[in-house]
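The exercises below are meant to be worked with the sequence and the model open side by side. Try each task before reading its solution.

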Amino acid sequence: MTSPTAADLSAPVIEIDHVVKRFGDFVAVHDADFSIGQGEFFSLLGPSGCGKTTTLRMIAGFEQPTTGAIRLDGVDVSKVPPNKRSVNTVFQQYALFPHMNVFDNVAFGPQSKKIDKATIKKRVSEMLEVVRLTEFASRRPAQLSGGQQQRVALARALVNLPKALLLDEPLGALDLKLRHAMQFELKRIQREVGITFVYVTHDQEEALTMSDRIAVMSEGRVEQIGTPTEIYDNPATVFVAGFIGQANLWPAVVAERSGNTANVTALGGATLSATCHGNNAGSSIAPGCAATLMVRPERIAISLTQPTSQATDGQSVQATVTDLTFQGPIVRLALVAADGSPIIANIDPDADLPLLRPGDGVWASWTRNAACVLPSAPNQQSQLLED
C-alpha cells in the first residue's frame with residue numbers, strides 16, 4: 001500500500017487538537033497534537049502506561065479530553081458518546097456472540113440500524129469475502145481458530161462502514177506464528193476496504209510491518225511521528241532510537257558541527273562523524289554539547305584488521321569479543337570497546353570471518369550515513385536499548 005498523499009493528510013479523518021487527559025493529579029496524555037489521514041494505517045506505539053490506549057479511548061468516545069478537542073471529519077466530537085461516533089473499535093477480546101453463527105455476528109450491526117435485509121445480505125457477504133471467511137458463514141465462534149475469530153470481529157466492525165476502525169492490541173491473544181500471519185492479513189484487509197485504521201500496540205515489529213505512519217509515545221507524550229523508515233533510520237530522541245528495534249547508544253561530546261554533519265568524541269576518545277537528521281538538526285547539537293551517538297547493530301561491519309578509511313569514512317574502533325549468539329539469520333556479536341563501552345553487531349552467519357571466540361580482538365566499523373547524533377547522552381553511560 002502506498003503512503004497517504006499530502007492531499008489525504010490535508011483533509012484528515014481524525015484530528016487530535018492539543019489534547020490533555022488527566023486522571024486526578026496524574027496526566028495520562030500531554031498535549032497530543034496530530035492528524036490521521038483518510039485511508040491511513042496509523043499506529044500508536046509505546047510501552048505500557050505511555051498513554052496510547054487512553055488516546056485511542058478518547059478517539060472512540062470512552063474517555064473525554066480534559067482539555068483540547070477530538071474532531072472527526074472536521075466536527076468536534078469530544079463530548080459525543082461512542083455510539084454516536086462514526087468509528088468502531090476492535091479489542092483484544094473479540095466478544096463475539098457464541099450463540100450466533102459468523103454471518104449473524106457480522107450482520108448484527110446493520111440489523112440494529114434497521115437496514116433492509118437485501119442490503120445487509122449483500123454487505124455482509126462482501127465483508128466475509130474480504131476477510132476470507134465466506135465458507136465459514138454458518139459456523140459458530142467456538143468452531144473457529146483464534147485468527148478466524150479475529151477476522152470475524154474485524155468484519156463485524158467494518159460492515160458498518162465507519163470513518164475509522166480503532167484496534168486496541170487485537171493480536172495480543174494470538175500465538176507468535178499466528179500474530180505474524182495476521183499482521184499481513186490486517187494490512188491486506190485495510191488496503192482492500194480503504195478505511196482508516198488506528199492501531200494501538202507495544203510491539204514495534206507490528207507497527208513497522210503494518211503502518212503508514214507511527215506515533216511513538218512515552219510517559220504520555222508523543223516523542224515522534226513518522227513513517228516506519230523515518231522512525232527507524234532517523235529517530236528524534238534517544239527513547240525512540242532504543243524502543244524501535246535495537247540500537248547502540250553511546251555517550252558523546254560534539255566536537256564540531258557543519259550543516260547536518262557533526263564530529264563527536266566517543267568510545268574512549270575516538271573522533272567519529274555522523275548525521276543530524278530532521279528534529280535533531282537544531283541548536284542542541286552544537287560544539288561542546290553532550291550528545292548520543294547511535295548506530296544500528298546491522299550497520300556495523302566486523303573485521304580482523306583496521307578497514308581502510310575510504311571504505312568506512314574513517315568510522316572504526318578497536319574492540320574485544322565478549323560473546324556470540326546464533327539467532328538463525330544473524331549472529332549477535334557482543335563486543336567491548338577499549339573504554340568499556342558495549343558494542344552489539346548483527347552479522348551474517350556466512351560472513352567471511354574466522355571462528356571468533358571471547359577475547360579475540362577485532363575492528364568494528366560503519367559508514368558515516370549509518371550513524372546518527374541525538375541530543376543529550378543516555379545517563380552518561382554506554383548502553384544497548386532494545387524492546
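**Exercise 1.** Which residue just after H4 takes a positive phi?

*Solution.* Bear in mind throughout that this is a predicted model. Stepping past the end of H4, one comes to Arg-132, whose phi is positive, at about 60°.

**Exercise 2.** Describe helix H4 and work out which way its buried residues point.

*Solution.* Begin with the dimensions: H4 covers residues 117-130, 14 residues in total, and its first and last C-alpha atoms lie 20 Å apart, close to the 20 Å expected at 1.5 Å a residue. Next, list the residues of H4 that count as buried, which are Ile-120, Arg-123, Val-124, Met-127, Leu-128 and Val-130. Looking down the axis of H4, one finds these buried residues within an arc of 150°, so they line one face of the helix. The general rule behind such a pattern is that an α-helix has 3.6 residues a turn, so residues three or four places apart point the same way. Then turn to the other side of H4, where Ala-118, Lys-121, Lys-122 and Glu-129 are exposed. Finally, look for the packing partners of the buried residues of H4, which are helix H3 (102-112), helix H5 (146-158) and helix H6 (176-193).

**Exercise 3.** Decide how many disulfides the model contains, and explain why Cys-276 and Cys-372 are not bonded to each other.

*Solution.* Recall that a disulfide is a covalent bond between the sulfur atoms of two cysteines. The cut-off needed here is a pair of cysteine sulfur atoms within 2.5 Å, and by this rule the count comes to zero disulfides. Cys-276 is in no disulfide, since the nearest cysteine sulfur, that of Cys-372, is 7.3 Å away. Approached from Cys-372, the closest cysteine sulfur is that of Cys-276, and the 7.3 Å between them is too far for a bond. As for their surroundings, Cys-276 is buried, with a relative accessible area of 2%, and Cys-372 likewise counts as buried, at 1% relative accessibility.

**Exercise 4.** Locate the largest pocket and identify the elements that contribute two or more residues to its lining.

*Solution.* Start from the volume of the largest pocket, which is about 650 Å³. Of its 26 lining residues, those closest to the centre are Asn-88, Thr-89, Arg-156, Ala-157 and Asn-160. Two or more lining residues come from each of strand S6 (87-90), H3 and H5, and S6 gives the most, with four residues.

Terms used
Residues numbered from 1 in each chain as written. Predicted model: local features only at pLDDT ≥ 70, side-chain atom pairs only at ≥ 80, totals over all residues. Heavy atoms only, no water. Expected span 1.5 Å × (residues − 1). Buried < 20%, exposed > 50% of the residue type's maximum accessible area, 1.4 Å probe, protein only. Arc of directions from axis to C-beta. Contact = heavy atoms within 4.5 Å. 1 Å grid on protein atoms, 1.4 Å probe; cavity = no way out; pocket = protein on both sides within 12 Å on 5 of 7 lines; lining within 4 Å. Points joined across faces, edges and corners; volume = space filled by probe spheres on them.
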